[in-house]
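This report introduces a single chain and its ligand to a reader who has not met them before. The sequence and structure are shown first.

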Amino acid sequence: MIKLFATMLFFSISVLIVSCANDQEAQIDYALKAASELMEEKSFIDYDPSQLFEYYCGVCHGPTGNADGFNTFNLDPKPLSFQDTLFINNNDSISILGVISDGGDGEKISKMMPPYRRTLTKKERERLTGFILSLSHNGE
Ligand code: HEC
């Protein structure tokens with residue numbers, strides 16, 4: 001029994017040594033790269049920006065960005081409807097991304113607008129920015 005165990009141990013150690021010699025770092029790099037590509041792809045396919053918006057922003061901005069969320073009436077100042085032309089005229093995509101990332105405080109507007117830099121990935125925030133811009137263009 002002990003002999004069998006020793007043989008197995010020897011076998012697994014040699015497998016370990018062989019795989020180390022086989023440029024382990026490159027293997028780890030490869031696995032990490034594959035995993036991150038998979039995650040990017042997942043977030044790209046699974047998180048439709050309109051669903052992200054409804055989930056994270058809908059309470060205050062309305063599920064379709066029309067400033068009719070159930071918490072909207074509590075806010076002062078109230079968010080503008082993203083379908084409003086006034087909204088488009090006063091905004092460009094950089095400040096929208098800034099507001100989403102750093103919240104109202106970061107962009108010197110109402111602190112009731114929370115920051116999402118830690119909650120959402122950069123890609124998600126960028127996609128939300130594009131989504132908001134597409135809403136405002138629909139309203140034109
Ligand atoms: C707790 C309520 C709340 C939530 C949740 C919220 N917001 Fe806001 N948001 C506000 C308020 C209030 C303002 C208006 C600030 C002002 O005009 O001073 C605002 C403003 C904004 C603006 C700037 C609009 C402008 O008039 O320049 C953008 C863009 C925005 N929010 C995007 C989002 C996105 C995207 C989400 C979800 C990821 C979100 N908000 C979630 C309350 C919220």
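The text below treats the fold of the chain, the surroundings of the ligand and one residue, in that order.

**Overall fold**

The model is predicted. Its chain contains seven helices and zero strands, and the order of elements from the N terminus reads α-α-α-α-α-α-α. The chain has 140 residues, of which 16% count as buried. When contacts between residues at least 6 apart in sequence are considered, 43% of them join residues at least 24 apart.

**Surroundings of the ligand**

The ligand has 24 residues around it, and those that come nearest are Cys57, Cys60, Ile109, Ser110 and Met113. In character, the shell comprises 19 nonpolar residues, five polar residues and no charged residues. Three helices each contribute at least two residues to this shell, as the table sets out.

| Helix | Residue range | Supply to the shell around the ligand |
|---|---|---|
| H4 | 58-61 | at least two residues |
| H6 | 93-106 | at least two residues |
| H7 | 122-138 | at least two residues |

Which helix gives the most to the shell around the ligand? That helix is H6, with four residues.

**A residue of helix H6**

Helix H6 also includes Ile96. Ile96 is buried because 22 other C-beta atoms lie within 10 Å, and the cut-off for a buried residue is 20 or more. Along the chain, Ile96 and Ile132 are 36 residues apart, while 8.4 Å separates their C-alpha atoms.

Key:
Residues numbered from 1 in each chain as written. Predicted model: local features only at pLDDT ≥ 70, side-chain atom pairs only at ≥ 80, totals over all residues. Near = placed C-beta within 6 Å. Nonpolar A, V, L, I, M, F, W, Y, C, P; charged D, E, K, R; others polar. Buried ≥ 20, exposed ≤ 12 C-beta atoms within 10 Å, placed from the backbone. Contact = placed C-beta atoms within 7 Å.
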